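The following exercises ask the reader to work from atomic coordinates to a description of pockets, cores and individual residues. Each task is followed by a solution in steps.

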Amino acid sequence: MTIREWRLPAALILLGLVPMIAGAARLTELGAGPEVTPANARFVAEPLPVVLHVVGATVYTILGAFQFVPGLRRRRWHRLAGRVLVPCGLTVALSGLWMAFAYDLPAHDNNVLAGLRLVFGSAMAAAILLGLAAVLRRDFTRHRAWMVRGYAIGLGAGTQAFTHAPYLLATGEQPDGNTRAGLVLAGWLINLAVAEWYLRRSPNRK
């Protein structure tokens with residue numbers, strides 16, 4: 001395995017670093033018995049979905065990045081890792097849907113953003129299940145395509161940090177509901193566009 005093969009997984013882990021750090025900070029806060037504020041009240045009242053989401057997303061982001069290493073894909077490790085990634089990915093998607101339904105909207109969100117979370121959480125779960133169904137049929141091309149798309153959606157929070165950054169630097173203010181929804185949507189769409197480019201660029205890799 002060459003250094004070049006590790007560039008993509010390293011970049012993917014770096015992309016997921018911001019949400020992983022934010023998630024770790026959230027779990028640390030919850031574990032410390034925080035003072036209840038409007039920003040954390042929903043998590044303190046019902047911590048289970050956010051704990052599942054953060055832990056699942058961390059494992060999914062890091063372990064999933066190594067599935068893009070060609071040398072590992074040709075070994076038994078790829079299959080064993082996949083048996084961890086499928087439940088972790090579904091945990092991320094379903095806990096995200098759980099939070100969208102169970103938690104009250106924070107002040108800077110709106111129903112448009114809530115709807116987007118439902119759409120993309122459902123799409124992520126569907127992509128993982130379609131990928132699983134494909135590999136059980138030994139259709140490795142479709143398996144790879146659906147798993148890459150599911151991973152792209154799952155890594156959306158990393159890209160969303162970068163879609164928000166220019167707005168925050170330019171205005172110095174948090175975006176309002178519709179603007180925030182647009183910036184969040186942009187992160188998911190960028191990831192899916194890159195995923196499709198990657199799949200077209202290397203269509204025959206298993």
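**Exercise 1. The largest pocket**

The largest pocket encloses about 1400 Å³ of space. The model is a predicted one. Task: state which residues lie closest to the centre of this pocket, which helices line it, and how its lining divides by class.

Solution.
- Step 1. The lining comprises 46 residues, and those closest to the centre are His 53, Arg 117, Ala 157, Gln 160 and Arg 180.
- Step 2. At least two lining residues each come from helix 2 (17–31), helix 3 (41–45), helix 4, helix 6 (76–102), helix 7 (111–136), helix 8 (140–154), helix 9 (156–171) and helix 10 (177–201).
- Step 3. Sorted by class, the lining holds 26 nonpolar, 14 polar and 6 charged residues.

**Exercise 2. The second largest pocket**

Task: give the volume of the second largest pocket, and determine which element supplies the largest share of its lining.

Solution.
- Step 1. The volume of the second largest pocket is about 860 Å³.
- Step 2. Its lining consists of 27 residues, with Gln 67, His 78, Arg 79, Val 135 and His 143 nearest the centre.
- Step 3. Two or more lining residues are given by each of helix 4, helix 6, helix 7 and helix 8.
- Step 4. Helix 6 provides the largest share, namely 7 residues.
- Step 5. The class count for this lining is 13 nonpolar, 5 polar and 9 charged residues.

**Exercise 3. Gln 67**

Task: locate Gln 67, decide whether Gln 67 is buried or exposed, and identify its side-chain polar partner.

Solution.
- Step 1. Gln 67 is found in the loop that joins helix 4 (48–66) to helix 5 (70–73).
- Step 2. Gln 67 is classed as buried because its relative accessibility is 13%, and the class requires a value under 20%.
- Step 3. A polar contact of 3.2 Å links the side chains of Gln 67 and His 78. Both residues are among those nearest the centre of the second largest pocket.
- Step 4. When residues up to four places away in sequence are not counted, Gln 67 touches Arg 73, Trp 77, His 78, Ala 81, Gly 82 and Leu 85.

**Exercise 4. Tyr 151 and the nonpolar cores**

Task: describe the largest nonpolar core and the surroundings of Tyr 151.

Solution.
- Step 1. The largest nonpolar core contains 28 residues, and Tyr 60, Met 124 and Tyr 151 have the most contacts inside it.
- Step 2. Helix 4, helix 6, helix 7, helix 8 and helix 10 each give two or more residues to this core.
- Step 3. A separate second core has 6 residues, including Leu 30, Phe 43, Val 50 and Met 99.
- Step 4. Tyr 151 belongs to helix 8 and is buried, because its relative accessible area is 5%.
- Step 5. Beyond residues up to four places away in sequence, Tyr 151 touches Leu 12, Tyr 60, Thr 61, Gly 64, Ala 65 and Phe 68.
- Step 6. A polar atom of the Tyr 151 side chain lies 2.7 Å from the backbone oxygen of Thr 61.

**Exercise 5. Arg 138**

Task: establish where Arg 138 lies, and what is notable about its phi angle.

Solution.
- Step 1. Arg 138 sits in the loop between helix 7 and helix 8.
- Step 2. Although Arg 138 is not a glycine, its phi is positive, at about 65°.
- Step 3. With a relative accessible area of 59%, Arg 138 is therefore exposed, the cut-off for that class being over 50%.

How values were computed:
Residues numbered from 1 in each chain as written. Predicted model: local features only at pLDDT ≥ 70, side-chain atom pairs only at ≥ 80, totals over all residues. Heavy atoms only, no water. Helix = DSSP H or I, 4+ residues; strand = E, 2+ residues; numbered from the N terminus. Buried < 20%, exposed > 50% of the residue type's maximum accessible area, 1.4 Å probe, protein only. Polar contact = N/O pair within 3.5 Å; in protein donor to acceptor, adjacent residues only side chain to side chain. Contact = heavy atoms within 4.5 Å. 1 Å grid on protein atoms, 1.4 Å probe; cavity = no way out; pocket = protein on both sides within 12 Å on 5 of 7 lines; lining within 4 Å. Points joined across faces, edges and corners; volume = space filled by probe spheres on them. Nonpolar A, V, L, I, M, F, W, Y, C, P; charged D, E, K, R; others polar. Core = buried A, V, L, I, M, F, W, Y, C linked by side-chain atoms within 4.5 Å.
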